[in-house]
Structure formats: C-alpha cells, structure tokens
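Q: I've got this model open at the bench and I'd like a close look at a single part. Could you walk me through the packing in the interior, one piece at a time?

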Amino acid sequence: DEQQSRRDAHERPSSSGSAAGQLNAKQLSSHISNAGSADALLALFSAHSANLNHIHAANLWNKLGKQRIERRHEEQLEQLVQRTLDLVSSCNAQALANVAHGVAKCGLQARVVHPLFVAVAEAAV
C-alpha cells in the first residue's frame, strides 16, 4: 500500500548508500523528490546537510513550500536557511526561484529569512 511504500522509501537511504548511510548526489535528489512530508524532507536535510548542493537545497525548498509546516519544524528550517545561504551563489535562475518561493511559503519569521532573500536577490542580477 501507499504507506508501506513511503516507509520503504524512507528506509532506503541507509541500505542504498555507503556504510555510513550517505547517498550520492543523484540518490539524494531522488529521495528529496519522493519524500512525502516536511518531516521526511527535514530528516533528509539533517542526515545529508554536509553533502547538500544547490540543486538539493532548491529541491528541498520547493518541496517544503508545498508541505504543512509546523512550529516544531522551525529550528531545522532555520538551519536549512543557513546552509542555503552557503549555496546561493551556485544557483541558476530556476533554483533561485524555487528557493525564494519555497522559503516564502514556509512562513518563517522575517528576521530568519531576510538574509536569504537578500542573497537570492543579489545572485539573480
């Protein structure tokens, strides 16, 4: 059933990566694209933040913008904002748009996202 498929997809990272459970870039992109909740997306971010590239960050924000965000997600989202700041200079126009839209849809406090919106705007010109 669909719930079992989601559980299987969530468990797959540890078996398809290296002994440390790390995924290659293509696998991580696939897992982000197939994640079905904010919790699953943020778990992927937490587990793979050191290996996150600009494509992954844009994909995460795009998907997170479509999820129900709760107060308990705020700390991890703030960490994703900080990690995304490191990656903005590598983003193309589509990735910048995905980041900006997803961040806006998540509804984080202005003080948290303002530096990221400034960086996206600067990278876009």
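A: One term before we dive in: a residue is called buried when its relative accessible area is under 20%. Keep in mind, too, that this is a predicted model.

Let's start with helix H5 (74-87). By that cut-off, the buried residues of H5 are Leu77, Leu80, Val81, Arg83, Thr84 and Leu87. Together they pack against H3, H4, H6 and H7. As for its length, H5 has 14 residues and spans 20 Å from first C-alpha to last, close to the 20 Å expected at 1.5 Å a residue.

Now pick out Trp61, which touches Leu77, Leu80, Val81 and Thr84. Its contacts also include Asn98, Val99, Gly102, Val103, Cys106 and Leu108, leaving aside residues up to four places away in sequence.

Trp61 also belongs to the meeting of H4 and H6: Ala58, Trp61, Asn62 and Leu64 from H4 face Ala95, Asn98, Val99, Gly102, Val103 and Cys106 from H6. Sorted by class, that contact has seven nonpolar residues, three polar ones and no charged ones. The two helices pack at about 35°, with their axes 7 Å apart, and the crossing of H4 and H6 is left-handed.

Zoom out to the largest nonpolar core, and you'll find 33 residues, with Leu52, Trp61, Leu64 and Leu108 touching the most other members. Helices H2, H3, H4, H5, H6 and H7 each supply at least two residues of this core. The largest share, six residues, comes from H3.

Technical notes. Residues are numbered from 1 along each chain as its sequence is written. This is a predicted model: local features need pLDDT of at least 70, side-chain atom pairs count only at pLDDT 80 or more; totals for chains, interfaces and linings use all residues. Side-chain values use heavy atoms; hydrogens and water are left out. A nonpolar core is a set of buried Ala, Val, Leu, Ile, Met, Phe, Trp, Tyr and Cys residues joined through side-chain atoms within 4.5 Å. Buried means under 20% relative accessible area, exposed over 50%, partly exposed in between (1.4 Å probe, protein chains only). Helices (H or I, at least four residues) and strands (E, at least two) are DSSP runs, numbered from the N terminus. Contact means heavy atoms within 4.5 Å. The expected span of a helix is 1.5 Å times one less than its number of residues. Axes are lines fitted to C-alpha atoms, for helices over the stretch in contact, and angles run from 0 to 180 degrees between N-to-C directions. A crossing is left-handed if the near helix is turned anticlockwise from the far one by less than a right angle, and right-handed if clockwise. Ala, Val, Leu, Ile, Met, Phe, Trp, Tyr, Cys and Pro count as nonpolar, Asp, Glu, Lys and Arg as charged, and the others, Gly among them, as polar.
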